Amino acid sequence: MDTQHRPTVEFDHHGPEYSQDPWGTASELANTCPVAWSENHGGFWVVSGYDAVVEASRDAKLFSSRHDLPTGCTAFQGINIPPAPGRYLPIELDPPEQLEWRRALGAMFAPGAVDAMKPLMHAYSDWALDQCIESGEIDFVMGLAAPVPALVTLHLLGLPLSRWRTYAEMTHAINYSSGDERQRTFEMFDAMLGEIVVVARERRENPTGDLLSLLATMEVAGQRLSDEDIASACGTIVAGGIDTTAAVVAGALKHLGEHTEVRQRLIDDPALIPQAMEEFLRFISPVTSLGRTAVSDTELGGQQIKAGDRLILMWHGANMDASVFQNPTELDIDRGAANHVTFGSGVHRCIGSRIARADIPIMLEHVLTRMPDYELVPGGAVRYPSIGVSNNYIAVPAIFTPGARVGVSPELTEELASA
């Protein structure tokens with residue numbers, strides 16, 4: 001490869017510089033070096049410009065998501081740079097197998113199925129806020145943003161809701177911990193997936209109509225999924241269903257705590273919440289980037305990409321591209337940001353995007369209704385130290401005028417009694 005004329009940037013998506021100023025960093029990359037090379041993590045292309053990100057994400061034949069195991073045996077090491085242990089199905093597959101998975105799972109994420117879950121999303125939000133409403137204090141991360149999507153995910157899979165805290169805390173820890181702590185968290189996560197597989201074996205014999213039953217009985221290429229594949233898919237669903245949604249809600253509530261005039265507009269006119277959500281999705285970009293592998297020599301954004309080169313498609317960069325979004329580092333709820341790429345693009349576009357678009361505005365609405373005067377604890381918000389996977393917060397504490405519980409159904413109360 002001719003490296004002399006290759007634009008090179010000192011960029012590490014897992015480094016402290018990016019987590020300290022993600023918006024400025026992403027904007028600078030997208031607007032000055034939309035396709036550039038980084039020597040970090042063995043070397044990879046940083047694809048941050050909107051057009052280049054969309055082009056690559058829509059060409060699954062040329063830019064592969066597949067993960068060949070064991071890690072490191074080929075250039076095809078999936079969506080994480082550096083590669084994560086194990087494989088995330090079905091997003092670390094390419095068509096046609098990936099499309100077969102998507103068709104099989106589609107009904108569980110269809111508009112009608114999501115609409116049917118909205119009453120539960122409201123109930124889960126009320127339950128979460130009831131736990132702190134009388135105290136006048138809340139951490140928006142573990143008090144709302146994490147528990148509600150965790151409960152939605154557990155309901156979807158057909159697993160006990162009382163386990164929400166374990167799932168939420170573990171998913172967060174995997175994304176922000178490091179060293180020995182991160183290894184221990186992965187081991188705990190693997191043990192949790194092992195428990196899910198035991199339930200899946202039971203559902204294979206006695207399916208109950210939930211997502212885990214579907215995974216236990218569906219066929220790909222004429223064969224049922226192995227236990228390993230079910231565990232991998234559930235790991236993807238849990239990680240994708242909890243932490244990413246939590247990141248948007250936590251980031252949105254922090255912004256609204258700092259910009260009370262915007263908050264008041266949403267309180268006065270709740271019909272604005274969905275359009276505000278699209279701007280929160282663009283600005284926060286909860287999954288900042290995902291990896292790809294070049295299948296053959298090609299050109300992208302004016303740069304020569306070689307077969308086997310690793311790339312990250314930087315959704316956050318594309319969402320900060322000034323050629324598409326004027327003043328991209330400013331959060332403007334009147335922008336009309338529906339063309340953001342927060343959920344990806346092409347065949348790998350997030351299958352759970354409808355669920356996120358349903359429960360994010362519900363959570364925001366409940367906060368703005370039940371604790372409209374909340375104030376952030378000065379200096380209390382703590383970001384993830386590394387946002388290469390998830391642009392989230394460890395904590396966003398706030399205070400507010402105490403209120404009264406609204407209560408939820410006795411059945412839900414009983415199911416959550418041990419939480």
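Me: Which helices each supply at least two residues of the lining of the second largest pocket?
Reply: In this predicted model, those are helix H9 (179-205) and helix H11 (227-258). The pocket itself has a volume of about 330 Å³. There are 18 residues lining it, and the closest to its centre are Pro85, Gly86, Arg87, Asp190 and Leu193.

Me: What kinds of residue make up that lining?
Reply: A mix: eight nonpolar, five polar and five charged. Take the five closest to the centre: Pro85 and Leu193 count as nonpolar, Arg87 and Asp190 as charged, and Gly86 as polar.

Me: Back to H11. How do you know whether its length fits what's expected for a helix?
Reply: Compare two numbers. H11 has 32 residues, and at 1.5 Å a residue the expected reach is 46 Å. From first C-alpha to last, the helix covers 47 Å, so the two values are close.

Me: And why is H11 described as largely enclosed by the rest of the structure?
Reply: Count the buried residues, where buried means under 20% relative accessible area. In H11, 25 of the 32 residues pass that test, so the helix is largely enclosed.

Me: What about helix H13 (residues 273-284): how do you know its span agrees with the expected one?
Reply: With 12 residues at 1.5 Å each step, H13 should span 16 Å, and its end C-alpha atoms are 16 Å apart, so that agrees. H13 is also largely enclosed, because 10 of its 12 residues are buried. Among them are Ile273, Met277, Phe280 and Ile284, and also the charged Glu278, Glu279 and Arg282.

Me: How do you know how many disulfides the structure holds?
Reply: You look for pairs of cysteine sulfur atoms within 2.5 Å. The structure has zero. Cys234 shows how that works: the closest cysteine sulfur, in Cys350, is 16 Å away, so that's too far for a bond.

Me: What makes Cys132 and Cys234 buried or exposed?
Reply: The cut-off for buried is under 20%. Cys132 comes in at 11%, so it counts as buried. Cys234 has a relative accessible area of 0%, so it is buried too.

Me: Now the strands. How do you know that strand S1 (residues 35-38) pairs with S2?
Reply: Pairing takes at least two bridges. S1 and S2 have four, and they run antiparallel, so they pair. You can spot the partners: Ala36 is opposite Val46, and Val35 has Val47 as its bridge partner.

Me: Which strand joins S2 (residues 44-47) through three bridges, and in which sense?
Reply: That's strand S10 (residues 310-313), and the two run parallel. Here Val46 faces Ile312.

Me: What makes the two faces of S1 and S2 count as covered?
Reply: In a regular strand the side chains alternate between the two faces, so you check each face in turn. In S2, Phe44 and Val46 on one side and Trp45 and Val47 on the other are all buried. In S1, Val35 and Trp37 sit on one side, Ala36 and Ser38 on the other, and again all are buried.

Me: Why is S4 (137-139) called an edge strand?
Reply: S4 belongs to an open sheet of three strands in the order S4-S14-S11, with antiparallel pairing. S4 and S11 (375-376) each pair on one side only, which puts both at the edges. S11 pairs with S14 (residues 397-399) over two bridges, and two is enough, because the cut-off is at least two.

Me: What makes His41 stand out?
Reply: Most residues other than glycine have a negative phi. His41 isn't a glycine, yet its phi is positive, about 55°. His41 lies in the loop between S1 and S2. At 35% relative accessible area it falls between the cut-offs of 20% and 50%, so it is partly exposed.

Me: And how do you know whether Ala221 is buried or exposed?
Reply: Exposed means over 50%, and Ala221 has 64%, so it is exposed. Ala221 has a positive phi as well, near 55°.

Definitions and conventions:
Residues numbered from 1 in each chain as written. Predicted model: local features only at pLDDT ≥ 70, side-chain atom pairs only at ≥ 80, totals over all residues. Heavy atoms only, no water. 1 Å grid on protein atoms, 1.4 Å probe; cavity = no way out; pocket = protein on both sides within 12 Å on 5 of 7 lines; lining within 4 Å. Points joined across faces, edges and corners; volume = space filled by probe spheres on them. Buried < 20%, exposed > 50% of the residue type's maximum accessible area, 1.4 Å probe, protein only.
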